[in-house]
Amino acid sequence: MRTPVQLGGLTVSSIGYGCMALTGIYGGGLTDDDAREQLHKAIDAGITLLDTADVYGDPRPGHEGPAGTNEDMLAPLLAERRDDVQISTKFGITGEQVDPETGRIEAGRIAGRLDYVRAACEASLRRLGVEAIDLYYLHRPDLTVPIEETVGAMAELAQQGKVRHLGLSEVTVDELRRAHATHPISALQSEWSLWSRDVEARIVPACAELGIGFVSYSPLGRGFLTGTLTKEAAAADIRGATERMGAGWDANARALALVASVAGELGASNSQVALAWLFAKGAQYGAATVPIPGSRRASRMIENLGAAGLVLTDDQMRRLDTVAGLVTGARNLYADNADWTTENRE
Ligand SMILES: NC(=O)c1ccc[n+]([C@@H]2O[C@H](COP(=O)([O-])OP(=O)(O)OC[C@H]3O[C@@H](n4cnc5c(N)ncnc54)[C@H](OP(=O)(O)O)[C@@H]3O)[C@@H](O)[C@H]2O)c1
């Protein structure tokens with residue numbers, strides 16, 4: 001277990017628990033009781049940062065707006081273990097969009113006006129059953145609203161004690177700097193992994209410069225980099241519609257083989273190697289880096305903690321650095337929405 005990490009003043013475990021897939025999205029979710037059982041085991045093992053969002057989980061029938069069911073699932077656990085964990089949640093994506101003609105899931109719409117921020121926070125506090133959210137993220141910037149307005153609303157929540165630290169997800173360096181000038185930002189959450197490295201060009205160095213923690217989402221490539229996911233399983237959920245795990249699956253086997261070869265040398269799992277690489281990269285850039293992998297099995301999350309004890313040689317780092325260059329397809333889940341992630345906006 002690595003020592004705890006400071007995300008702009010918030011102390012968290014070196015690996016967080018990405019709670020998204022506990023209530024569905026990849027291969028079906030768990031029952032709420034099962035999900036909490038996995039979380040209890042992981043917390044007992046030392047994983048104390050729990051990452052959720054108001055939009056995670058399946059919406060209830062007839063429901064409008066963010067589903068909220070992942071937060072609902074967490075509430076009984078938080079009632080028992082509030083002092084053992086740091087809870088982070090997000091707002092801004094207003095809900096799942098389904099194309100009525102094709103049934104295809106599209107990127108959700110984004111909202112960042114003052115009134116929306118206030119209402120979204122009240123709803124999350126109510127669902128989670130807590131008095132304050134430790135880390136409150138803007139999930140995606142609303143490109144029709146100045147970021148100063150959205151972050152100004154978040155700052156108001158901090159002044160009222162409803163949220164303790166502010167975070168942003170998938171913002172550009174310009175947006176990050178403007179936001180940080182409005183109110184100190186503790187964490188930036190974006191995709192960063194062996195196969196998604198565009199953030200290294202500008203965003204990770206900016207986080208290091210500003211003292212903002214980097215929380216890397218999908219650090220295991222949504223399961224692909226673990227080597228345990230099959231093409232058929234990926235095809236059965238949202239991952240099969242992505243460039244990398246749909247049409248690009250076979251081509252990307254070369255990248256996976258490279259990760260597996262390093263794992264084989266170390267007697268480690270692919271997941272541990274992927275996370276150890278992130279720790280080493282974070283240290284190279286001087287940015288406090290906390291990966292938040294997700295799994296429906298606590299045993300896998302505990303295995304992921306083993307990344308802390310893994311030392312990659314310079315040669316292994318050099319070879320792992322070539323993985324991204326072997327990858328076919330963009331990281332953006334929604335190829336028809338170029339603004340969904342920052343690599344096209346940076
Ligand atoms: N800010 C954003 O826009 C954003 C976007 C995406 C995700 N996130 C956050 O990041 C978290 C993690 O991202 P993610 O779930 O997309 O991807 P991920 O952590 O890269 O990969 C998750 C997948 O890896 C598998 N897995 C985990 N540990 C494993 C191990 N040791 N061995 C084998 N397989 C393992 C899990 O399968 P099993 O469940 O079958 O074990 C799961 O399907 C989410 O839960 C969410 O909190 C944020």
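**Notebook: one chain and its ligand**

I counted the secondary structure of the protein chain first, and it comes to 11 helices and 12 strands. The radius of gyration is 19 Å, close to the 20 Å that the globule rule gives for 346 residues, so the chain is as compact as a globular protein of that length. I note here that this is a predicted model.

**Entry: overall size and contacts**

I looked up the box that the C-alpha atoms fill along the principal axes, and it is roughly 50 × 45 × 40 Å. Of the 346 residues in the chain, 49% are buried. I then took the contacts between residues at least 6 apart in sequence, and 75% of these join residues at least 24 apart.

**Entry: the largest nonpolar core**

Which residues of the largest nonpolar core touch the most other members? The core has 94 residues, and I wrote down Tyr17, Tyr136, Met154, Leu188, Val259, Val273 and Ala274. Helix 9, residues 270-285, gives the largest share of this core, with seven residues.

I followed two of these core residues further. For Met154 I left aside the neighbours within four places in sequence, and found contacts with Val117, Tyr136, Leu138, Val163, Leu166 and His183.

Val259 is the second one, and I found it in helix 8. Val259 has 25 C-beta neighbours inside 10 Å, and 20 or more is the cut-off, so it counts as buried. Not counting residues up to four places away in sequence, Val259 touches Leu194, Leu225, Asn270, Val273, Ala274 and Val323. I also took the distance from Val259 to Gln316: the C-alpha atoms are separated by 9.5 Å, with the two positions 57 residues apart along the chain.

**Entry: helix 6**

Helix 6 covers residues 203-210, and I found Ile203, Val204 and Cys207 buried in it. Why do they lie on the same side of helix 6? They cover an arc of only 100 degrees around the axis, and this puts them on one and the same side. I kept a general rule beside this: an α-helix has 3.6 residues a turn, so residues three or four places apart point the same way.

I then checked what the buried residues of helix 6 pack against, and listed helix 5 (173-182), strand 10 (187-191), strand 11 (213-217) and helix 9. Just after helix 6 comes Gly211, with a positive phi of about 75 degrees.

**Entry: two positive phi values outside glycine**

Most residues other than glycine have a negative phi. I therefore noted Glu170, which is not a glycine and has a positive phi near 55 degrees. Glu170 lies in the loop between strand 9 (163-169) and helix 5. Is Glu170 buried or exposed? It has 25 C-beta neighbours inside 10 Å, so it counts as buried.

Arg222 also has a positive phi, near 55 degrees, and is not a glycine. I placed Arg222 in the loop between strand 11 and helix 7. With 27 C-beta neighbours inside 10 Å, Arg222 counts as buried.

**Entry: the shell around the ligand**

How many residues are around the ligand? I got 29, and Gly18, Met20, Leu220, Gly223 and Gly294 come nearest. By class, the shell has nine nonpolar, 13 polar and seven charged residues. Helix 10, residues 298-305, gives the largest share of this shell, three residues.

**Entry: three loop residues**

Thr31 is in the loop between strand 3 (17-18) and helix 1 (32-44). I counted 11 C-beta neighbours inside 10 Å, so Thr31 is exposed, the cut-off being 12 or fewer. From Thr31 to Val273 the C-alpha atoms are separated by 30 Å, and the two are 242 residues apart along the chain.

Thr313 is in the loop between helix 10 and helix 11 (314-320). It is exposed, with 11 other C-beta atoms within 10 Å. The C-alpha atoms of Thr313 and Arg177 are separated by 35 Å, and these residues are 136 apart along the chain.

Ala241 sits in the loop between helix 7 (231-235) and helix 8 (253-266). With 16 C-beta neighbours inside 10 Å, Ala241 counts as partly exposed. I looked up Ala335 as its partner: the C-alpha atoms of Ala241 and Ala335 are separated by 9.3 Å, although the residues are 94 apart along the chain.

Definitions and conventions: Residues numbered from 1 in each chain as written. Predicted model: local features only at pLDDT ≥ 70, side-chain atom pairs only at ≥ 80, totals over all residues. Core = buried A, V, L, I, M, F, W, Y, C linked by C-beta atoms within 7 Å. Helix = DSSP H or I, 4+ residues; strand = E, 2+ residues; numbered from the N terminus. Contact = placed C-beta atoms within 7 Å. Rg over C-alpha atoms; globule rule 2.2 N^0.38 Å. Arc of directions from axis to C-beta. Near = placed C-beta within 6 Å. Nonpolar A, V, L, I, M, F, W, Y, C, P; charged D, E, K, R; others polar.
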